[in-house]
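This briefing goes through one protein model, topic by topic. Please keep the sequence and the structure in view while reading.

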Amino acid sequence: CSSDLSLRVRPVQYLHSLGCWTRLTNCILMERNTDVTDSSPWVQFSQKEDLTVRLRNILHDYAFGPGVFRELLQNADDAGARRFVLLADSTAYPGSDGLIDQRLGAWQGASIMSFNDACFTDADFEGICRVGASGKRSDHSKIGHYGLGFNATYHLTDVVSFASRDRLCIFDPHQAHLPDGLPGLQLPLTSDTVQKYRSQLAPFESAAAACGSQTWPLDGTIFRLPLRSPELAGKSLISREPRSFEEAVVVLRELLSGSGELLLFLQSVEQLEVFVRGPSGAQNPGTWCLLGSAKLRAASAAAMSRLRRERRLLPNLNSEESDDDVKARRQQTA
């Protein structure tokens with residue numbers, strides 16, 4: 001080979017304006033040394049991995065269970081949220097005219113949603129697009145913020161969506177449900193787009209109302225994981241396992257069984273709640289019912305302030321500090 005050839009590979013986020021939404025995906029950029037002419041006798045030849053295959057392999061390392069929801073809780077904690085809510089919603093949201101793409105209607109049925117009272121930063125919007133990456137190395141106060149564990153949510157669904165501030169984002173690794181075969185998009189929520197895509201936003205508005213949060217802009221962050229039906233599971237390249245509403249509620253009960261202890265090992269979240277809105281035939285159908293909750297309490301405001309300082313020291317337990325260093329730091333904040 002000629003010594004003038006220099007090929008470099010680096011990951012980049014590819015943003016491409018498409019009408020009122022933005023393409024969200026990752027790609028590999030091949031850079032060729034400008035000294036090499038286009039008449040070179042070779043062509044690009046490289047290894048590739050399909051995103052659905054990548055996600056399927058990730059699921060092999062993350063078993064389905066309460067851990068899926070603990071990942072969302074941990075991400076909320078990393079973001080500085082004080083309140084975290086899970087909502088099991090059996091409601092189907094019809095109205096294909098108000099969807100970004102009519103094919104998304106297949107994912108407008110029962111879902112598990114999460115709410116937390118922290119908003120996405122611009123860095124969060126960028127970071128969540130990186131499959132398998134984490135900001136953990138550059139920010140030791142964040143324990144795997146939107147890293148590999150976040151992708152465990154694909155145990156439940158093939159189409160992950162979330163809203164925060166004035167944006168709605170949808171991931172579609174199959175490139176089968178969004179306009180122009182996009183793998184993901186971000187929709188700015190203006191007065192016009194909120195009205196145009198009312199059906200798409202209806203589940204988010206219902207969850208926000210249940211949590212007492214305003215929209216739009218959304219004062220917090222909501223993730224929506226529509227459950228994979230048997231029919232959709234048969235077509236999935238990520239997982240062939242369907243998830244029923246009843247199965248998801250059982251897992252939420254498991255999470256609640258250890259929720260009090262779980263809060264002690266977080267930095268920010270002080271309150272965890274789980275709500276269920278059951279199908280017709282269930283007790284109080286169509287009404288949000290509290291399944292369970294946990295909340296950190298202290299004897300006084302001063303004790304609560306001290307507890308909050310102690311919890312913020314938790315990341316240091318995973319650092320290279322000695323036990324004596326940690327004790328000294330705790331004494332300083334006492």
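Among the contacts in the protein with a separation of 6 or more, 66% are between residues 24 or more positions apart. The model is a predicted one. Its secondary structure comes to 10 helices and 12 strands, and 46% of the 334 residues count as buried.

**Strand β10 and its partners**

- Strand β10 covers residues 218-226. Eight of its nine residues are buried, so β10 is largely enclosed by the rest of the structure.
- β6 and β10 run antiparallel and are joined by six bridges.
- Strand β7 (residues 160-165) also pairs with β10 in the antiparallel sense, over five bridges.
- T221 in β10 has N116 opposite, and S164 stands opposite T221 as well.
- Just before β10, in the loop between α5 and β10, lies P217. The peptide bond that joins W216 and P217 is cis, with omega about 15°. Most peptide bonds are trans.

**Aromatic rings and charges over rings**

- The count of aromatic pairs comes to seven.
- One of these pairs is F120 with F223, a tilted pair at 6.2 Å centre to centre with 55° between the planes.
- This pair links distant parts of the chain: F120 is in the loop between β6 (111-116) and α3 (122-127), F223 is in strand β10, and the two are 103 residues apart.
- F120 and F223 are both buried.
- Ring pairs link F120 and F223 into a cluster with F125, F150, F162 and F171.
- F125, a member of that cluster, has the charged end of R167 over its ring, 4.2 Å from the ring centre.
- A further arginine, R243, lies over the face of F64 at 3.9 Å from the ring centre.

**The surroundings of H155**

- H155 is found in the loop between α3 and β7 and is buried, with a relative accessible area of 8%.
- Leaving aside neighbours within four places in sequence, H155 is in contact with L59, Y62, A63, F64, V68, R228, E241 and R243. F64 and R243 in this list are the residues in which the arginine lies over the ring face.

**Q200 and L104**

- Where in the chain are Q200 and L104? Q200 is found in helix α5 (residues 198-210), whereas L104 lies in the loop between β5 (83-89) and β6.
- Q200 is buried at a relative accessible area of 7%, and L104 is buried at 2%.
- Q200 and L104 are 96 residues apart in sequence, with their C-alpha atoms 8.5 Å apart in space.
- Beyond neighbours within four places in sequence, Q200 is in contact with G98, L99, I100, L104, Q108, L168 and I170.
- With the same neighbours left aside, L104 is in contact with L99, V159, I170, H177, L178 and Q200. L99 and I170 are thus named for L104 and also for Q200.
- The C-alpha atoms of L104 and A176 are separated by 9.1 Å, and these residues are 72 apart along the chain.

**Positive phi in the loop between β8 and β9**

- Most residues other than glycine have a negative phi.
- Q175, although not a glycine, has a positive phi of about 55°. Q175 is in the loop between β8 (167-171) and β9 (184-188) and counts as partly exposed, at 42% relative accessibility.
- D180 is also a residue other than glycine with a positive phi, near 60°. D180 lies in the loop between β8 and β9 and counts as exposed, at 63% relative accessibility.

**Helix α9**

- Helix α9 (residues 301-312) has 12 residues and reaches 17 Å from its first C-alpha to its last, close to the 16 Å expected at 1.5 Å a residue.
- Which residues of α9 are buried? They are A303, M304 and R311.
- Seen down the axis of α9, these buried residues fall within an arc of 100°, so they line one face of the helix.
- An α-helix has 3.6 residues a turn, so residues three or four places apart point the same way.
- The exposed residues A301 and R312 are carried on the face of α9 turned away from its buried side.
- The cover over the buried residues of α9 includes α8 (259-264).

How values were computed:
Residues numbered from 1 in each chain as written. Predicted model: local features only at pLDDT ≥ 70, side-chain atom pairs only at ≥ 80, totals over all residues. Heavy atoms only, no water. Helix = DSSP H or I, 4+ residues; strand = E, 2+ residues; numbered from the N terminus. Expected span 1.5 Å × (residues − 1). Buried < 20%, exposed > 50% of the residue type's maximum accessible area, 1.4 Å probe, protein only. Arc of directions from axis to C-beta. Contact = heavy atoms within 4.5 Å. Phe/Tyr/Trp six-rings, centres within 6.5 Å; stacked < 30°, edge-to-face > 60°. Lys NZ or Arg CZ within 6 Å of the ring centre and 35° of its normal. Pairing = 2+ DSSP bridges.
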